[in-house]
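Reader: I would like to learn how to read helix packing and enclosed space in a protein model. Please take the features in turn, with the general idea before the case.

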Amino acid sequence: MCDRIGCTHFPKLSEMDFTGAAAPSRRRFLKGVAAATTISMGLGGALAGPAHAAGGVKSTHGTGFCNLNIFLAHSRQYAKKDGTELVFINTPTFAEQVTFLGMGQVDIGLMPYTSFMALYDAGAPVKIVAGGGIEGCAIVARPGLDSPEKLKGKTLGTFQLDTLEVMPYDYLKKNGISFKDVKVRYMGNTPEAVEAFKAGALDWICTIEPYASALVNDVKGAVMLTNGVDLYGKGYTDCVLAARASLMKDNPEGLKAVIKGMMQAQLDAETQTETVLKELVGKYYKTSLENAKIAQGKQPAVVDARSQTDFILQRTDSVMEMGYIKKKPGRDAIDWTLLEAVIKENPDLYGKLKFKSA
């Protein structure tokens with residue numbers, strides 16, 4: 001994939017030391033992402049010491065509505081009642097969001113399942129432990145680009161090793177077009193990609209809610225070519241909550257507290273939607289409240305992703321075809337044990353949720 005233009009590339013995961021045993025490799029990585037320490041939230045010395053400090057769980061996150069549960073859980077610190085503080089470590093680009101989890105600089109991360117699979121394939125000690133959000137990925141094109149054939153030679157804005165790269169690949173493949181027939185520009189983060197599309201620097205973009213609906217509303221004549229349902233079916237998953245194996249072993253109660261907090265956030269989002277959006281727009285989402293209201297129902301945040309187990313594992317076929325992983329991950333890449341414990345211990349809360357595993 002290195003022949004793409006204007007890239008923000010992932011580091012080579014296969015060359016990283018995910019155990020922390022090889023100090024020189026670890027130092028090279030940290031030097032490359034040191035800028036992230038300047039914008040960490042709520043914690044000094046973000047890269048120092050063990051990730052799961054006493055009483056706290058460190059997390060990276062994305063930008064879309066699939067992150068709503070973890071955003072609200074962070075904003076309201078729901079896990080504190082169970083003795084755990086959820087601490088966000090913000091990073092300059094999407095690449096660092098993923099690699100921080102792999103290197104053990106954070107405990108958990110809300111990320112695309114495709115990125116998780118690449119970490120897992122490279123040997124990172126991580127597991128999928130809960131869901132993030134369903135649906136909400138979309139391909140939006142500039143006026144006049146209303147068919148897949150018209151995308152040939154046009155510039156796509158996306159993110160490397162993301163579901164937002166795999167979706168255009170699958171969309172083109174379904175329509176008999178090679179990914180090599182388009183130009184790909186890898187972006188650093190969603191706001192950057194959205195502004196580039198608005199400015200005309202990108203011909204088409206694969207993005208997430210609330211930004212997909214916002215672009216269709218804000219860019220006159222822009223067309224949504226797919227929202228993913230025609231490719232993957234209703235209820236397809238996008239992001240997942242991944243955790244370091246060390247956290248699951250050393251602090252399972254802290255991880256359970258975070259999952260429970262996300263479950264409470266899901267209930268609040270389902271029952272107090274406008275109040276929740278007013279709290280999150282501006283602070284976590286860089287869009288208007290009007291666009292957020294339109295988009296919220298298009299990408300529900302869902303903690304219980306057990307019904308998506310087979311989908312997550314099957315979608316790695318495309319990730320393999322794109323050369324990102326060498327072998328398909330097994331069922332052991334996913335561990336719903338702590339999620340199921342939270343569900344069992346909180347039947348009243350779980351029973352009130354609108355979206356849950358079938």
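Reader: Which residues in α11 meet which residues in α12?

Author: A note before the answer: this is a predicted model. On the α11 side, the residues are Thr 273, Glu 274, Leu 277 and Lys 278, and they meet Leu 289, Ala 292, Lys 293 and Gln 296 in α12. Sorted by class, this contact of α11 with α12 has 3 nonpolar, 2 polar and 3 charged residues.

Reader: How is the geometry of such a pair described?

Author: Two packed helices are described by the angle between their axes and by the distance between those axes. Here, helix α11 (residues 273–280) and α12 have axes that come within 10 Å and cross at roughly 130 degrees.

Reader: What are α11 and α12 to each other, given that angle?

Author: Angles over 145 degrees count as roughly antiparallel and those from 65 to 115 as roughly perpendicular. The angle of roughly 130 degrees falls in neither class, and α11 and α12 are therefore oblique to each other. The crossing in which α11 passes α12 is right-handed.

Reader: At what angle do the axes of α7 and α12 cross?

Author: Helix α7 (residues 211–218) and helix α12 (residues 289–296) cross at roughly 120 degrees, with axes that come within 8 Å. That angle makes α7 oblique to α12. The crossing of α7 and α12 is right-handed.

Reader: Which residues make that contact?

Author: From α7 come Ser 213, Ala 214, Asn 217 and Asp 218, and from α12 come Asn 291, Ile 294 and Ala 295. By class, the contact of α7 with α12 has 3 nonpolar, 3 polar and 1 charged residues.

Reader: Now the enclosed space. How many cavities of 30 Å³ or more are there?

Author: A cavity is a space where the probe fits but cannot get out. In this model the count comes to 3 cavities of 30 Å³ or more. The largest cavity has a volume of about 190 Å³.

Reader: Which residues are the closest to the centre of the largest cavity?

Author: Of the 20 residues that line the largest cavity, Gly 62, Thr 63, Phe 94, Asp 162 and Thr 190 are the closest to its centre. The elements that give two or more residues to this lining are α3 (94–103), β3 (108–112), α5 (163–174) and β10 (237–244). The most comes from β3, with 3 residues. By class, the lining of the largest cavity has 9 nonpolar, 9 polar and 2 charged residues.

Reader: What is the volume of the second largest cavity, and what lines that cavity?

Author: The second largest cavity has a volume of about 50 Å³. Its lining is made by Tyr 113, Cys 137, Thr 163, Val 166, Met 167, Tyr 232, Tyr 236, Thr 237 and Asp 238. Two or more of the lining residues come from each of α5 and β10, and α5 gives the most, with 3 residues. The class split is 6 nonpolar, 2 polar and 1 charged.

Reader: And the pockets: how much space lies in the second largest pocket?

Author: A pocket, unlike a cavity, is open. The second largest pocket holds about 400 Å³ of space. Of the 20 residues that line this pocket, the closest to its centre are His 61, Gly 62, Thr 63, Asn 90 and Tyr 284. Its lining divides by class into 9 nonpolar, 9 polar and 2 charged residues.

Definitions and conventions: Residues are numbered from 1 along each chain as its sequence is written. This is a predicted model: local features need pLDDT of at least 70, side-chain atom pairs count only at pLDDT 80 or more; totals for chains, interfaces and linings use all residues. Side-chain values use heavy atoms; hydrogens and water are left out. On a 1 Å grid over the protein atoms alone, a cavity is a set of points where a 1.4 Å probe fits but cannot get out, and a pocket is an open set with protein on both sides within 12 Å along at least five of seven lines; lining residues have an atom within 4 Å of a point. Grid points are joined across faces, edges and corners, and a volume is the space filled by probe spheres set on the points. Helices (H or I, at least four residues) and strands (E, at least two) are DSSP runs, numbered from the N terminus. Ala, Val, Leu, Ile, Met, Phe, Trp, Tyr, Cys and Pro count as nonpolar, Asp, Glu, Lys and Arg as charged, and the others, Gly among them, as polar. Axes are lines fitted to C-alpha atoms, for helices over the stretch in contact, and angles run from 0 to 180 degrees between N-to-C directions. Angles under 35 degrees count as roughly parallel, over 145 as roughly antiparallel, 65 to 115 as roughly perpendicular and the rest as oblique. A crossing is left-handed if the near helix is turned anticlockwise from the far one by less than a right angle, and right-handed if clockwise. Contact means heavy atoms within 4.5 Å.
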